[in-house]
Amino acid sequence: MAQTASRPLVEQASGGTPIVVSGLVVAFDGPPVIDNLDLVVDPGAFVSIVGRSGCGKSTLLRTIIGLEAPQRGTITVDRDRARIVFQEPRLLPWFDVLTNVVLGAGDLPDARERAAETLALVGLSAKAHEWPTRLSGGQRQRVALARALVSQPRLLLFDEPLGALDALTRIEMQRLIENVWSRQQFTALFVTHDVGEAVMLSDRVVMMDRGRIVSDTDIPAPRPRRHGDAQLATIEGRILDLLLAGGS
Amino acid sequence: MASLAYGPPRRAADPRAVASRAATRQIQESRLARSRWTPLLVPALLLAGWEAGSATGALPASVLPAPVAVLTAGWQLTRDGTLPTNLAISASRALAGLAVGGTLGLLLGIATAISVGLRRLLDPTIQALRSVPPFALLPLIILWLGIDEGAKIALIGWSVFFPLYLNSYHGVRSVDRSLLEMGRVYGMGRTTLFRRVTLPGALPSILVGIRFALGLMWLALIVAETIAASSGIGYMANQAREFSQTDVIVLTIVIYGALGKLTDTATRAAERRLLRWNPAYGER
Ligand SMILES: Nc1ncnc2c1ncn2[C@@H]1O[C@H](COP(=O)(O)OP(=O)(O)OP(=O)(O)O)[C@@H](O)[C@H]1O
Ligand SMILES: [Mg+2]
């Protein structure tokens, strides 16, 4: 990769890569958890997945990233340029914050410089040499985000990354994620149980139920979006109604 | 009631008196907790009691020589070279046994934890051998290897093998699976995953194994040298017994104690350094 010296390493937009899932079936021992699912995500789109607990959201992400093997169906995705952020930060406690971010860079050149820049991007430069155990929950999750971003992924999968954070930290993190996404233009597939959050962040909200996709809503509202926007609130209400009607 | 006779005497409770007693006790307690001399208090008292006992003749020298006599014996044996030579021999025996048995235990523990095949092949046998007390092997070891170095190193090696095997096995098996999964999706290969996730994750447990092993190492050394040796600290103790030199006997006991303390302190320091990321070890 050619780089001009004046430009920072992590600022360049990497662009997104598409996901094409077709006829996907995933089962553990028992009935399928993902049941003949089709999903196409355009390059650079921000798509959220909502759905009741146990409907298969995590399993879908884990299958896309290669942690679970499908029974049937195909997934077309560039896994080398894909990263995942889990609900727990999963930092290695025996490495300092910066080294944890470096681990996300794989064998890219200038890994430490990239990591330091990415850490600055998430606002944690001051904590570079701190142990992860000494950070707050929100700070740890920001380090996890930096570790995912440092390799300039073209696809980022999020599995309820903000689920364990308090309301204010959530909003800050949402802004941060939207911010990096609009700058780096990766494709984002974002699992959340918070419909408001999904509507706020996404171009499109997909609802799952019992391993299938049961609704698919475009969110045409322009960005930047504001919390409490009336148009967004209407869409959120509609999706919530669907969610409540769908489950048994 | 009769049972009350064993309880504390009852007094009319004056709340102020109770409060101030509690306060005094708290101050005393925190002074004890704060001072860096606190850990030395009990040894100093014991030493003073020992010295007093010897000085007044309550402790005859044939039973327990005075501390000064022990020190003098130590100084003389150091000057004529007996003590340094035997100490070096004992230490190198101990370390050789540790190196052989410990390395084997560490490597086999890790290997059986990682590989299901190796686990099924080796673990049942190792678990069965574990229940054989090391010192029960002594007659056999002496029969096979005589009373030379090989026998002692074999006994020490056998003793330290098991704590390292068990703890490294347990350490590797209990590494957080979610971290291993993270490492895999972030593109770490098998070796990188082992170096960066598995090994550091197993390290606390491995260090516990090393501490147990060091304790057993000295124990096995003492047994080996007392039963069959023509050099070493244990041999010195045996010789001293034959000539009723209680000062040398006590000296060797003190030396064994000091060696144990030394290795324990060293492992604690290693723990603090290697596990400083872990809030349970970092600041102490
Ligand atoms: N490793 C596994 N072995 C067996 N069953 C599993 C496994 N992982 C998930 N499942 C099952 O698959 C179903 C879907 O699980 P999944 O974690 O994908 O749900 P989810 O939509 O992410 O739920 P949540 O919102 O609670 O995180 C559940 O019924 C769960 O019990
Ligand atoms: Mg889930």
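## From a surface patch to the A–B interface

Let's begin with one residue: B:Val42 sits in helix α2 of chain B. Keep in mind as you look around that this is a predicted model. Is B:Val42 buried or exposed? Its relative accessible area is 56%, and because exposed means over 50%, B:Val42 counts as exposed.

B:Val42 has company on the surface. Together with B:Leu32, B:Leu41, B:Leu45 and B:Leu46, it forms a nonpolar patch whose accessible area adds up to about 530 Å². Which element supplies the largest share of this patch? That is helix α2 of chain B, spanning residues 38-56, with four residues.

Now let's turn to the place where the two chains meet. The size of an interface is often given as the accessible area lost when the parts come together. Between chain A and chain B, the buried area is about 1,700 Å², and carbon and sulfur atoms account for 68% of it. Chain A brings 21 residues to the contact, while chain B brings 16 residues.

Polar and charged pairs also span this interface. Six residue pairs are in polar contact between chain A and chain B, with both partners at pLDDT 80 or more. There are also two salt bridges across the interface. If you would like to find a salt bridge in the model, look at the side chains of A:Arg90 and B:Glu181, which come together at 2.9 Å, N to O.

Which elements of chain A give two or more residues to the side that touches chain B? They are α1 (57-65), β5 (82-85) and α4 (137-149) of chain A. The most comes from α4(A), with three residues.

How values were computed:
Residues numbered from 1 in each chain as written. Chains lettered and ligands numbered in written order. Predicted model: local features only at pLDDT ≥ 70, side-chain atom pairs only at ≥ 80, totals over all residues. Heavy atoms only, no water. Patch = residues over 30% accessible without salt bridge, like charges linked within 9 Å, V, L, I, M, F, W, Y side chains within 5 Å. Areas by Shrake-Rupley, 256 points an atom, 1.4 Å probe, with all protein chains shown as cover. Salt bridge = Lys/Arg side-chain N within 4 Å of Asp/Glu carboxyl O. Buried < 20%, exposed > 50% of the residue type's maximum accessible area, 1.4 Å probe, protein only. Contact = heavy atoms within 4.5 Å. Buried area = accessible area lost by both parts, 1.4 Å probe. Polar contact = N/O pair within 3.5 Å; in protein donor to acceptor, adjacent residues only side chain to side chain.
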